[in-house]
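Please consider the structure shown here, which is introduced for a reader who has not met it before.

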Amino acid sequence: MSMRAVIGTVLTISLLMMPMTARADDWDDFVDYMTTQEGMDAETLAGTLEALEQIHLAPININNCTHVDLEQISILTAEQVADLVFYVAKVEGMKTLGELIYVSSIDYMTRRWLPLFVYVGDYPTARRRLRFSDSRHEVLTRIDIPLYERKGYATDDARHRYQGSRIAHNLRYKFALGDRVAANLVLDKDQGEPVGRPFQLGYDFVGGNVMLKNMGWLNALIVGDYQVGFGEGLLMNQRFAMGKSVQRMGASNAIAAKTSTGETNYMRGLAATIGLTRGLTLSAFFSYNLKDATVVSGTSMASSLSTVTTHRNEVEMARRQNTSEMLYGAHVGWTNSMLRFGATGYRSHYHLPFYRGVEPYREFYPEGDVFWGASVDYGLRLGRWNLTGETATNGSGVATLNRLIYRHNARFSAQAAYRYYSPRYHSFHSNALAEWGVQNETGGYLQVDAQPLRQWQLTFSADLFHSPHVRYGIDHATTGEELRLSTTYTFSQRHSLTACVAWKHREQYNIMHSQQRYKIGWDARFGAFDLRTHAQLSHYSDAAGKRSLGYTLQETVRWSDRADRLRLALSAAWFQTDDYDGRVYLTEPTLVYGQSSTMLYGRGVRLAATARINLPYGLMVMLRYTFSRYLDRNTIGSDLQQIAAPWQNDLSVQVRWKI
């Protein structure tokens with residue numbers, strides 16, 4: 001009997017014996033999970049969700065994919081990608097995604113979310129030739145219309161007056177030829193930005209790329225906008241944003257096409273990955289990208305790269321693309337069933353040199369116009385134990401992050417991680433496990449995932465962190481802690497209960513403070529209706545005696561007809577907080593490729609409604625309306641963003657055409 005037959009028989013028996021208690025997760029569950037984690041960078045997270053949603057809308061056949069295909073799913077680690085490809089080849093194709101339980105490196109959270117991005121299809125014996133009849137086209141456009149006016153449109157100050165309309169608009173075009181050729185074009189205009197000059201093609205942001213993959217020794221080639229991620233992210237990681245409470249158990253080494261409207265955290269140029277020999281790959285990349293920088297008054301030097309991506313008035317336009325970064329580098333990686341080793345290096349040059357300033361907290365900030373960095377990443381697997389890590393240097397300081405991972409079985413795993421980021425270390429493109437960033441920090445992290453019962457999942461994490469050098473707002477060394485416990489109990493396919501408790505204790509502006517967040521949610525499905533009831537409580541306290549409390553109650557209802565021609569969703573929430581420190585976060589129904597996390601403080605109500613209509617000939621029309629009414633104020637926002645009313649409502653229209 002073949003290996004495939006044996007595994008298929010065992011799997012069939014186990015599935016028959018398994019009580020049907022698992023509730024299938026959908027995209028909204030995933031977005032809720034991602035956006036409610038602490039420590040997320042909003043811009044990078046939005047780009048990550050956009051890229052993953054594109055894969056979700058066109059899932060990958062796990063029986064007909066390569067390393068490069070799976071590497072585009074950024075929730076997977078390099079180890080998991082290799083193990084999945086090996087397993088599929090070994091059994092000559094999966095019969096069901098339930099077989100993920102037999103891939104030892106696939107932990108519970110990965111098994112939970114991976115079905116959103118892959119499916120089990122035919123296992124081909126040979127890859128098909130490219131035919132133009134296999135080509136696919138997609139045009140997607142979105143218009144956001146605020147039904148109010150902000151102060152910036154009517155101010156008498158010409159330098160600060162918004163020069164464009166209140167309407168935001170973006171346009172996307174995607175082309176795919178089979179599974180080996182893809183192209184993207186993205187145009188985006190934010191609210192307040194003018195159309196036409198000084199923007200090329202009339203839009204503030206214009207981006208795109210062409211990607212070839214799985215063509216013999218050429219694993220991937222990208223011309224245009226792309227993102228890279230190597231090792232643990234100490235040197236370079238633009239692909240994935242994760243909070244500390246959701247740590248991946250391993251590393252990722254890949255280049256990926258940028259498909260989001262995000263205007264930061266990407267490269268523009270050329271990148272390629274080639275297979276040298278079995279298990280040995282080489283990635284090389286070159287980028288020349290215009291960037292926004294904050295210029296030191298009276299000089300031609302920059303104090304930092306700007307994270308503000310809007311260009312609505314003369315002040316914001318003055319810093320638009322006022323500097324450039326030319327960067328080139330490479331990564332070489334080798335892996336087999338037990339060992340993994342990689343090395344990465346890059347060198348970059350900025351048009352405007354950086355000036356670190358004289359403030360004590362800026363003592364080790366980057367200075368000059370030329371920077372470089374190098375790192376090695378590594379992994380060792382011995383049975384149930386894994387050791388992974390990365391060590392990097394920029395010539396002045398060192399950063400290292402190492403993990404010890406233990407996987408007992410599919411129902412229990414644990415990892416411990418230690419990090420040391422020297423105050424002298426810095427990389428503009430780093431993104432890794434950290435409280436403040438990959439600089440001036442040490443810490444120890446522990447995470448345990450357990451499934452005591454088939455219906456009950458527990459995740460616990462703890463992080464102890466220390467900053468040995470002064471920071472902005474803190475004039476001495478400081479230490480803090482963060483704890484989190486989350487659990488999900490699935491009563492049946494239609495009912496589940498989730499709860500999360502998070503506690504953080506750290507210093508800010510030389511005052512020690514504590515933040516506790518509690519969340520409980522009940523999800524239920526009744527026929528075509530999906531009901532979600534979520535309640536949150538936030539409590540803030542500090543050593544100066546301040547106390548702030550915030551809470552919210554939210555109900556979300558979703559409905560779709562049997563033919564999936566019409567989908568409706570409505571979310572209603574009531575919130576009350578003492579002030580900003582007691583703020584709460586909501587996850588709401590949104591459009592395709594839309595961010596759904598909303599932060600609220602004060603007292604009021606919030607509504608969000610969406611309607612999606614699937615029409616013939618590949619057309620889809622989607623509407624979204626949101627309404628906020630504050631009961632404790634007469635205006636919303638401040639400065640140029642102020643709204644002279646206690647209410648705020650927005651209308652969005654999205655149209656997609658697939659050919």
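The following paragraphs treat a surface patch, the cysteines and two backbone angles in turn.

The model is a predicted one. On its surface, a nonpolar patch is formed by Val139, Tyr173, Leu185, Ile613, Leu615, Tyr617, Leu619, Val655, Trp657 and Ile659. Together these residues present about 910 Å² of accessible area. One member of the patch, Ile659, is found in the segment that comes after strand E31 (647-658). Ile659 counts as exposed because its relative accessibility is 57%, and the cut-off for that class is over 50%.

The cysteines come next. A disulfide is a covalent bond that joins the sulfur atoms of two cysteines. When the whole structure is searched, zero disulfides are found. Cys65 has a relative accessibility of 14% and therefore counts as buried. Cys500, with a relative accessibility of 16%, counts as buried as well. The limit that applies to both statements is a relative accessible area under 20%.

The backbone offers a further topic. Most residues other than glycine have a negative phi. Glu92, however, has a positive phi, near 55°. Glu92 is placed in the loop that connects helix H5 (78-91) and helix H6 (108-113), and its relative accessible area of 43% makes Glu92 partly exposed. Gln321 is not a glycine either, and its phi is positive, near 50°. The loop between helix H7 (314-318) and strand E13 (323-335) holds Gln321. With a relative accessible area of 35%, Gln321 is partly exposed.

Methods. Residues are numbered from 1 along each chain as its sequence is written. This is a predicted model: local features need pLDDT of at least 70, side-chain atom pairs count only at pLDDT 80 or more; totals for chains, interfaces and linings use all residues. Side-chain values use heavy atoms; hydrogens and water are left out. Patches are made of residues with over 30% relative accessible area and no salt bridge: like charges are joined within 9 Å, nonpolar side chains (Val, Leu, Ile, Met, Phe, Trp, Tyr) within 5 Å. Accessible areas come from the Shrake-Rupley method with a 1.4 Å probe; for residues, only the protein chains shown count as cover. A salt bridge is a side-chain nitrogen of Lys or Arg within 4 Å of a carboxyl oxygen of Asp or Glu. Helices (H or I, at least four residues) and strands (E, at least two) are DSSP runs, numbered from the N terminus. Buried means under 20% relative accessible area, exposed over 50%, partly exposed in between (1.4 Å probe, protein chains only). A disulfide is a pair of cysteine sulfur atoms within 2.5 Å.
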